[in-house]
Amino acid sequence: MIAQFPAPLSARFARNRLAMGGLLIVALFLFFCFLGPALYSTDQTHTDLTQVNLPPSAAHWLGTDAVGHDQLGRLMYGGQVSLLVGLTAGVLATVIGTLWGAVAGYAGGWVDAVMMRVVDAGIAIPALFILLVVSAITSPGTLGLIVILGLVSWLVPSRLVRAETLTLKNRDYVLTLRATGGTHGRAIRRHILPNSVSTIVVAATFQIADAILLVAYVSYLGLGVQPPKTDWGGMLSAGLTAAYSGRWWLIVPPGLAIILVVCAFNAIGDGLRDAFDVKGRG
């Protein structure tokens, strides 16, 4: 009987239509937000009170808001902040959680106990609550939001990486490295982290989705980036009262953008998890 080897990671991922759809949506939004302004130029800094609350038209494809900003251009501009903060904060949280979990799981004993009690205490406090308190005190900009989100969102990745490390640290290749004089740091760099890459990558995609949602929550409550900057959550907050007056273009586009991007990243995460999981495959 001929042995069959698992298909390459990219091929397994490509067979997941939902994940590929999510990847396409993310790519389209990145193009829309970062390259779109070059094709559809608008002024998102100055107000124009002669053009307020206009419905969609040939001049303004998604209408204008309460201060005369073109809503389609605003959607691109706000998307830059939402995606930049979400992507960067998600990666930062994953890096911090990966290092913390790898050290805790590899060290074991009292070091692991102390480090994981810190994680347990952090998880007991809702990340949104911490983010709201800090945002109310400091009124952070884009960089501030990235740092704050990264520092409140690393707890779950650290648990995942720790669990993976507890399994890997007793493998023969790690024990052999230690027996031949290899340092703990080298064992983590050479074996623990490379063999945890599937857990790390999947965790990163979910962290990005969570970060985009957290940014939207905070901005919706008026504690996100300050004008003239905005993000999709801020656009939702600004357009909420106008929606009762029938100006749907102020709330539907940013709401759909948040839903689509978050669902897309979750679909990518599910697809990566299935692609990395080759157990039981012939």
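In this predicted model, helix H2 and helix H4 meet at an angle: their axes come within 8 Å and cross at roughly 120°. That makes H2 oblique to H4, because angles of 65 to 115 degrees count as roughly perpendicular and only those over 145 as roughly antiparallel. As for its hand, the crossing of H2 and H4 is left-handed. If you would like to find the pair in the structure above, H2 covers residues 17-34 and H4 covers residues 71-107.

Helix H2 also has a part in the surface. Which residues make the nonpolar surface patch there? Leu 30, Phe 31, Phe 34, Leu 35, Leu 39 and Leu 84 form it, with an area of about 580 Å². Helix H2 gives the most to this patch, with 3 residues.

Phe 31 is a good residue to look at next, as a member of the patch that lies in helix H2. Is Phe 31 buried or exposed? Phe 31 falls in between: it is partly exposed, at a relative accessible area of 45%.

Now for the loop between helix H3 (36-39) and H4, where Asn 53 is found. Asn 53 counts as partly exposed too, because its relative accessibility is 24% and the buried class is kept for values under 20%.

Here are the two residues together:

| Residue | Location | Relative accessible area |
|---|---|---|
| Phe 31 | helix H2 | 45% |
| Asn 53 | loop between H3 and H4 | 24% |

How far apart are Asn 53 and Thr 183 in space? From C-alpha to C-alpha they are separated by 64 Å, and in sequence by 130 residues.

Conventions:
Residues numbered from 1 in each chain as written. Predicted model: local features only at pLDDT ≥ 70, side-chain atom pairs only at ≥ 80, totals over all residues. Heavy atoms only, no water. Patch = residues over 30% accessible without salt bridge, like charges linked within 9 Å, V, L, I, M, F, W, Y side chains within 5 Å. Areas by Shrake-Rupley, 256 points an atom, 1.4 Å probe, with all protein chains shown as cover. Salt bridge = Lys/Arg side-chain N within 4 Å of Asp/Glu carboxyl O. Helix = DSSP H or I, 4+ residues; strand = E, 2+ residues; numbered from the N terminus. Buried < 20%, exposed > 50% of the residue type's maximum accessible area, 1.4 Å probe, protein only. Axes fitted to C-alpha atoms, helices over the stretch in contact; angles between N-to-C directions. Parallel < 35°, antiparallel > 145°, perpendicular 65-115°, else oblique. Left-handed = near helix turned anticlockwise from the far one by under 90°.
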